[in-house]
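The following exercises concern helix packing and the contact between chains. Please attempt each task before reading its solution.

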Amino acid sequence: MSALPPIRVAASGCLTAFGDETASLAALLAGRRALAPRHVHGAAGGDLVPIALCEGRAYDETLPPSWLPFLRALAARIPASAPWGSPRHPVFVTGSNFGVSHLHAYRAAAGAPGHLDYGTPAECVHQVAAALGWGPDITIFSHACVSAHLGLLQASRVLAAGLADSALVFSFDFISAFVAGGFHALKILNADFPAPYQDRASGSIGLGDGAAFAVLTLDRGDFALGGQTLHNEMHHFTANRADGAGFAACLSPLPALAAGRRIWLKGHGTGTLEAGRLEAQTLAQHFPEAPLVSWKGALGHTLGSCGLVELALVIAALRAGRAPGTVGAAAPAFTPQVAFEPFSLDAYDAVVCTSNAFGGAHAAFLVHHA
Amino acid sequence: MLERWITALHLEDAAAETPAETRERLKSLFPPGATRRMTQLGIALGAALRPLAPTEDDTLVYASTYAETRALEAYLDSFPAPSPTLFQTSIHPSSVQQNLIQRQQALRRFFPVTGGPELVAQALLVALLADTPRALLCGGEERGGWLLEQGRASDRSFAFALALSTESAGALGSLRIENSDTAPSASPAPASAPSFAPLPLPVFFDHLRERRPFDGLVAPGRRLVLRWSS
């Protein structure tokens with residue numbers, strides 16, 4: 001774990017299928033679910049699977065990309081106080097898909113060659129940067145569903161080293177037949193809706209559009225990141241060690257850092273059974289008094305952006321004084337700590353946020369009032 | 001100024017080899033049968049990375065612009081019945097995971113980085129800001145198929161792995177990054193008109209292979225100095 005000074009979050013925001021963080025938090029507190037059945041291959045049909053798209057966004061790829069107006073709207077909310085993408089104000093873009101769905105549109109759906117301009121992560125981010133007016137100081141991380149955590153950590157390190165005055169971490173993942181087809185082939189995206197941390201016969205996930213930003217500094221902002229930690233099991237591409245050692249290795253530095261704080265937990269909780277059980281049990285071992293929630297049963301899994309989307313929602317919840325419960329799930333849970341209903345944050349002053357990814361990758365950080 | 005010493009360097013230049021040719025040439029470096037399930041980039045990267053014997057306490061930075069091109073091509077061609085194996089193999093950090101999962105080698109700090117011409121500069125900064133005594137910087141590309149025909153893949157296959165230490169003992173050379181622009185209000189240069197000379201990943205690989213020194217502005221306000229011991 002990095003020994004970093006407290007890193008402040010000067011601004012944050014997100015976009016989910018419900019809208020911005022305010023609308024998303026309200027929907028989560030009301031127990032609403034954005035996921036809806038959709039044909040996995042879009043216009044080409046296929047099984048119905050739970051997917052949550054931003055309102056009005058086309059699932060099948062378009063030119064210009066259907067997701068670009070949503071990114072523009074989100075980016076318009078980033079404070080314009082700094083020339084983003086310049087050496088003292090670098091940008092860290094994180095995600096897992098970027099514009100790869102456009103390769104699917106070009107190849108599998110015989111689309112226009114213009115789709116290729118978004119096909120690689122570098123070209124996609126270049127297009128986004130040009131659209132948003134960013135300079136070229138952009139670092140791109142792609143580590144599946146822990147990508148956003150890497151962006152936050154590297155941004156923190158750059159700030160701590162005095163190499164920047166502020167840093168913008170930006171993340172996006174929009175759902176397409178490319179990624180839905182892959183998870184469906186792995187059989188974890190199926191007809192069932194996700195029920196994170198619920199002890200049931202079979203697991204399932206949902207997928208959701210997600211994008212977010214966070215502006216990090218050393219000295220501005222009401223909230224701070226602490227204890228950013230990573231661990232990569234390298235045990236199996238799509239499974240974790242059965243003893244939960246990977247989850248424990250990631251979390252082990254955090255209880256000491258959280259000592260004296262009253263913690264609640266925003267877990268990864270996609271709806272898969274084995275990973276959900278291991279995650280819930282390990283979190284309960286490390287933070288036995290802390291309630292645990294996941295919001296992916298409502299939002300769907302926003303993939304590489306989930307760490308940043310959920311950070312923005314956590315901060316919105318801290319401001320509102322109320323945390324949403326685990327929407328979409330019901331008793332019995334894997335552990336008694338799982339909270340299904342919203343709860344007041346009056347009794348808490350910090351939250352541990354976790355994400356997991358392919359390859360047994362784990363990431364976590366602590367968020368508290370600055 | 002950020003600096004580390006190059007204490008080990010391993011390269012694998014598969015150039016225009018087919019995946020089958022690379023597999024046949026390098027399979028003896030891997031457990032019997034293992035390379036049948038690996039991509040060309042996974043094999044080349046493994047050949048370069050394995051001698052460095054990554055440990056849980058190293059930082060590993062992986063840099064690739066295109067990464068698993070062949071698996072991605074094959075995954076796309078598997079529609080409308082997408083292959084689960086190709087889906088998981090096509091993800092960006094797959095080549096590292098193929099090798100470390102095979103060895104069951106856990107790793108706490110793993111940073112898969114991607115990008116265009118500025119990739120080398122950004123990946124190096126990640127490595128030089130590592131909080132571990134040893135940082136491993138690896139990367140590479142594999143020659144594409146139909147994506148190459150569309151100009152969206154590498155035209156050559158290669159891999160490299162560097163051990164970067166805070167200690168100079170036995171060093172082969174050094175890597176240093178200096179910030180040449182510290183003005184807080186510096187305006188961003190337009191992305192289309194960079195004021196620097198990028199160092200693309202294949203060119204960086206060639207510098208490593210030829211042990212050529214380098215000194216230049218490789219990213220906005222960022223000077224890279226690569227030196228070799230005599």
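**Exercise 1: a helix pair in chain B**

Task: Describe how helix H1 and helix H2 of chain B pack.

Solution: In this predicted model, helix H1 (residues 19-26) of chain B packs with helix H2 (residues 40-49) of chain B at an angle of about 30°, and their axes are 9 Å apart. The crossing of H1(B) and H2(B) is left-handed. H1(B) makes the contact through B:Pro19, B:Thr22, B:Arg23 and B:Leu26, and H2(B) through B:Gln40, B:Ile43, B:Ala44 and B:Ala47. By class, 5 of the residues in this contact are nonpolar, 2 polar and 1 charged.

**Exercise 2: a helix pair in chain A**

Task: Determine how helix H1 and helix H11 of chain A are oriented.

Solution: The axes of helix H1 (residues 21-29) of chain A and helix H11 (residues 306-320) of chain A lie 9 Å apart, at an angle of about 70°. Angles of 65 to 115 degrees count as roughly perpendicular, so H1(A) is roughly perpendicular to H11(A). A:Glu21, A:Thr22, A:Ser24 and A:Leu25 in H1(A) meet residues of H11(A), among them A:Ala312 and A:Leu313. The contact of H1(A) with H11(A) has 6 nonpolar, 2 polar and 1 charged residues.

**Exercise 3: the contact between the chains**

Task: State how many residues each chain gives to the contact, and which element of chain A has the largest share.

Solution: Chain A gives 54 residues and chain B gives 50 residues. On the side of chain A that touches chain B, H4(A) has the largest share, 5 residues. That side has 27 nonpolar, 21 polar and 6 charged residues. In addition, S6(A) runs antiparallel to strand S3 (residues 109-114) of chain B, joined by 2 bridges. A:Ile140 has B:Thr114 in S3(B) as its bridge partner.

Definitions and conventions:
Residues are numbered from 1 along each chain as its sequence is written. Chains are lettered from A and ligands numbered from 1 in the order in which they are written. This is a predicted model: local features need pLDDT of at least 70, side-chain atom pairs count only at pLDDT 80 or more; totals for chains, interfaces and linings use all residues. Axes are lines fitted to C-alpha atoms, for helices over the stretch in contact, and angles run from 0 to 180 degrees between N-to-C directions. Helices (H or I, at least four residues) and strands (E, at least two) are DSSP runs, numbered from the N terminus. Angles under 35 degrees count as roughly parallel, over 145 as roughly antiparallel, 65 to 115 as roughly perpendicular and the rest as oblique. Two residues are in contact if their C-beta atoms, placed from the backbone, lie within 7 Å. Ala, Val, Leu, Ile, Met, Phe, Trp, Tyr, Cys and Pro count as nonpolar, Asp, Glu, Lys and Arg as charged, and the others, Gly among them, as polar. A crossing is left-handed if the near helix is turned anticlockwise from the far one by less than a right angle, and right-handed if clockwise. Two strands pair if DSSP finds at least two bridges between them.
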